[in-house]
Amino acid sequence: MDRRCPQLMQDEVLYSPYLSGLQMPVREVLLVPFYRGQKRVGTMWIVAHEETGVFEAEDARLIGSLCQFASAAVEVLETLEAAEKTRRELAEVKS
């Protein structure tokens, strides 16, 4: 995660045993972290189950774009939560 770039992993079940609970075998995992500024706010895990299903650079690019969208969504939610908290505090002061 510290590399701030997508990671392609094979045999990830060896390192993340909970993946063995999936109903289908795990062929590859594409892990893409997403950030807001310098702070990591999440990761997206994309799992390939089929023997022929391997990830390519274009897959990482597309998922990276989706992660940028997710990061923006997190920022919007945090802004809305802060605005709602401020609204409640103002309402308490007025009453």
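Two strands count as paired if DSSP finds at least two bridges between them. Helices (H or I, at least four residues) and strands (E, at least two) are themselves DSSP runs, numbered from the N terminus. With that in hand, look at strand 3, where Thr-43 is the bridge partner of Pro-33.

Before going on, a word about what you're looking at. This is a predicted model, so local features need pLDDT of at least 70 and side-chain atom pairs count only at pLDDT 80 or more, while totals for chains, interfaces and linings use all residues. Residues are numbered from 1 along each chain as its sequence is written, and side-chain values use heavy atoms, with hydrogens and water left out. The predictor's confidence in each residue is its pLDDT, from 0 to 100. For this chain the mean is 82, and 91% of the residues reach 70 or more. Confidence is lowest in strand 1, at a mean of 77, and highest in helix 1, at 89.

Now back to the strands. Strand 2 (residues 28–36) and strand 3 (residues 39–48) run antiparallel, joined by 9 bridges. They make a hairpin with 2 residues between them, and Gly-37 in the turn has a positive phi of about 70°. Strand 2 also runs antiparallel to strand 1 (residues 7–10), this time with 4 bridges. You can follow that pairing by eye: Gln-7 stands opposite Leu-31, and Gln-10 has Glu-28 as its bridge partner.

How covered up is all this? Here, buried means under 20% relative accessible area, exposed means over 50%, and partly exposed is in between (1.4 Å probe, protein chains only). In strand 2, 8 of the 9 residues are buried. Strand 1 alternates: Gln-7 and Met-9 point to one face and are buried, while Leu-8 and Gln-10 point to the other and are not.

Glu-28 is worth a pause. This residue of strand 2 counts as buried because its relative accessible area is 3%. Its side chain reaches the backbone nitrogen of Phe-55 at 2.9 Å, and a polar contact is a pair of N or O atoms within 3.5 Å; within protein, one must be able to donate a hydrogen and the other to accept it, and residues adjacent in sequence count only if both atoms are side-chain atoms. Compare Met-24, in the loop between strand 1 and strand 2: it is called partly exposed because its relative accessible area is 45%.

Next comes helix 1. It has 38 residues and reaches 56 Å from its first C-alpha to its last, close to the 56 Å expected at 1.5 Å a residue (that expected span is 1.5 Å times one less than the number of residues). Its buried residues are Ala-60, Ile-63, Cys-67, Ala-70 and Ser-71, and they pack against strand 2 and strand 3. Cys-67 shows this nicely: leaving aside neighbours within four places in sequence, it is in contact (heavy atoms within 4.5 Å) with Val-32, Pro-33, Phe-34 and Met-44.

That brings us to the nonpolar core, meaning a set of buried Ala, Val, Leu, Ile, Met, Phe, Trp, Tyr and Cys residues joined through side-chain atoms within 4.5 Å. The largest one has 10 residues, among them Leu-30, Phe-55 and Ala-48. Strand 2, strand 3 and helix 1 (57–94) each supply at least two of its residues, and the largest share, 4 residues, comes from helix 1.
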